[in-house]
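Work through the exercises below with the sequence and the model side by side. Try each task before reading its solution.

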Amino acid sequence: MRTLMFLLRKEFRQIFRDPGMLRIILIMPVIQLLVLPRAADYEIKNINIAIEDYDHSVVSQQLTNKIISSGYFKLVGYHNDYNKGYELIERDKADIVLEIPVDFEQKLIRNNSQDLLVAVNAINGTKAIIGNGYLSSILMDYNKEIRMKWLPPTRFNELPTIDIVSSNWYNPNLVYAVFMVPGILVLLLTLIGGNLSAFNIVKEKEIGTIEQINVTPIKKHIFIMGKLIPFIIMGLVVFTLGMIIAVVVYGIIPVGSMLLLYLFALVYLVTLVGFGLLISTYSETQVQAQSLTFFFLIIFNLMSGLFTSIDSMPHWAQIITRFIPLSYFIEVMRMIVLKGSHFHDVAYQFTILIIMGLVLNTWAIINYRKTT
Amino acid sequence: MNPITLQNITKTYEKGKVLAVDDVSFSVNDSEMFGLIGPDGAGKTSIFRILTTLLLPDKGTASVCGKDVVKDYKAIRGMVGYMPGRFSLYQDLSVEENLNFFASLFNTSIKQNYELIKDIYVQLEPFKDRRAGKLSGGMKQKLALCCALIHKPSVLFLDEPTTGVDAVSRFEFWEMLKRLKKQGITILVSTAYMDEVEHCDRIALMQNGKILSMDTPDKIIKSYSEKLFELKGDNKHKLLKDTMTYSDAVGSYASGESIHVSFKKNGKSDADIINGLKGFLESKGYQHIEIVPTVPNIEDCFLSLTKTEIHG
């Protein structure tokens, strides 16, 4: 126990002495939490639209105004030539072309129906789908408005319609940051627990100090604990820092228990330092460790449900995500912070994380013994 | 009981493809300074790593302070001091912090064993707040030695402690080791510098994982089996090349400013040999050639031994 204290003191002394390390631990989380949730926003605005109005009627004017005033669209061209609109798409100036045909108003009144052409630039698939969706709903809305205006009011609608009213629970205004901040916080803990710990241990190998340590009577598990505990502590410090930013900057006050959040953060960090230790036993140099963690981090990031919903992944990918500790913690973070879930709601994820932590740490320690 | 014993130690790497230590046996006496001498790749570091319990031998047994290196590795770790060939202290910790840290790992303190390291530590004391990484090469070695001594080991393992250190610091370093030996510490040291063997009580000349010869430095020199001559002349490089073609000589190589040429002892007198070589070189157009009999040094012995190793 006394030896562990000496090890921890030495470890913290080295960390505080390394300006790079301090920067990573304190400044990186702040910047990531301030920048990422605002920048990586899935809400699509500023969709460039070109309207080819062959009709130039009151109705087509109203429709155009309605589209522009929605706030999602920016009018980049207004002519009466489809080819000009298409040219704008080709030059990447426009994302969508809406063609309003000749006699749009007249036919609408006379025939009670009219067709519109919407051409979408689908190079950026998300933007295309969402832009198209927005435009369709605006057109539908408009369609309803004119029906209301023109059709004689009857007691019952001639055509039965289903009106859908949705309300967004837990994130009523669909604020993207509310969804992202808890996830990014988990990502930061992953970096500190998984990456930095791996580099730190490999550094001892690389500069040879581990040789000197190994000839002392120090016990292996004490040495490993001395290496890993600092990163668990630093992870909790960063977690606290992140929670403060979430509250102060984004106004995200966790609905659920703070204690439960910290309990999860602790279990998660123990799991991740096990991962870091495992990486370190498979690498001789910091560069090797870096490449290995980079490989895993990319997969963790893209498959953890941080950016893309796990539910919309193909089945085989969903199975992979079940092996990513990140995905459990992100899920739990969102559940506790946004929904106020209790322990029994997240007991499953808790158990899985504990099992993962045990497996990773045991594997790492066995492998650590084998290599030295 | 000998503090260090090796019996038929063999170690291979890469699943037996690379033979690093080949059936090596020797033992070191109490309070003796024993030197492993040989070029890089001779297997010195592997022997050190086996004796300091960092490496398992493939075959053979070894013991340190009467404890088996495989079974009793834990006991050995508390009793030996090891200074690896590469500086392996924490560069971002100060001199004093390094020393304190290693003392605490052995459950001791600088104060408790200050007597033992005093001689060395006084030289380091002015820099005790300096980061280890910022020390000069000689100072680094002294700090590493202090750290290896801080728990009062009975056996000290020093793997090429003087490599990369200037001549003055090297000399000082050997003087320190001699004082430690007087205090009863057994020392196993390795070096690639042949001129350092005189500091050792006994040495083992090593090459390709094998011990070629093992004795006191004096006896090894006495057992030199050839006749050695020193050759001086103009255009040393070309002269050496031409001397190598002289079929009577068994070995010719550069040694400092001159060329050493060795001959088999076959009853020929020195004068005959000198005249023969002189005649050969003069026929090649050399003038002002000086040839005198000379006393072999350890390097000559080593080269003579490696030659028989190759041919025999």
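**Exercise 1. Place F26(B) in its chain, and decide whether F26(B) is buried or exposed.**

F26(B) sits in strand β2 of chain B, which covers residues 18-28; helices (H or I, at least four residues) and strands (E, at least two) are DSSP runs, numbered from the N terminus. Before going further, note that this is a predicted model, in which local features need pLDDT of at least 70 and side-chain atom pairs count only at pLDDT 80 or more, while totals for chains, interfaces and linings use all residues. Residues are numbered from 1 along each chain as its sequence is written, chains are lettered from A and ligands numbered from 1 in the order in which they are written, and side-chain values use heavy atoms, with hydrogens and water left out.

The next step is accessibility, where buried means under 20% relative accessible area, exposed over 50%, and partly exposed in between (1.4 Å probe, protein chains only). F26(B) has a relative accessibility of 5%, so F26(B) counts as buried.

As a last step, compare sequence with space: F26(B) and S88(B) are 62 residues apart in sequence, and their C-alpha atoms are 28 Å apart.

**Exercise 2. Describe the aromatic pair of F295(A) and F296(A), then that of F26(B) and F34(B).**

A pair of aromatic rings is described by the distance of the centres and the angle of the planes. Rings of Phe, Tyr and Trp (its six-membered ring) pair if their centres lie within 6.5 Å; planes under 30 degrees apart count as stacked, over 60 as edge-to-face and the rest as tilted. Over all chains, the structure holds 23 aromatic pairs.

In the pair of F295(A) and F296(A), the ring centres are 5.1 Å apart and the planes stand at 75°, so this pair is edge-to-face. F295(A) is partly exposed at 47% relative accessibility, and F296(A) is also partly exposed, at 28%.

F26(B) and F34(B), by contrast, form a stacked pair, with 4.9 Å from centre to centre and 5° between the planes. Both residues of this pair, F26(B) and F34(B), are buried.

To finish, look in chain A for a cluster linked by ring pairs: its members are F264(A), Y268(A), F329(A), F343(A) and F350(A).

**Exercise 3. Explain why C146(B) has no bond to the sulfur of C147(B).**

A disulfide is a pair of cysteine sulfur atoms within 2.5 Å, and a search of the whole structure finds 0 disulfides over all chains. The cysteine sulfur closest to that of C146(B) belongs to C147(B) and is 6.8 Å away, which is too far for a bond. C147(B) is likewise in no disulfide. Turning to accessibility, C146(B) is buried with a relative accessible area of 0%, and C147(B) is buried with 3%.

**Exercise 4. Which residues of chain B, other than glycine, have a positive phi near 45° and near 50°?**

The value near 45° belongs to E160(B), which is found in the loop between β7 (155-158) and α6 (167-182) of chain B. E160(B) is buried, with a relative accessible area of 14%.

The value near 50° belongs to N208(B), whose place is the loop between β9 (202-207) and β10 (210-215). N208(B) has a relative accessibility of 52% and therefore counts as exposed.

**Exercise 5. Give an overall description of chain B, and then the domains of both chains.**

Chain B contains 10 helices and 14 strands, and its C-alpha trace spans about 70 × 45 × 35 Å along its principal axes. Of its 312 residues, 53% count as buried.

For the domains, the bounds come from an automatic or database domain assignment. Chain B is given domain 1 (4-221) and domain 2 (225-295), with C-alpha centres that lie 39 Å apart. Chain A is divided into domain 1 (15-40 + 174-371) and domain 2 (47-150), and the centres of these domains, taken over C-alpha atoms, are separated by 47 Å.
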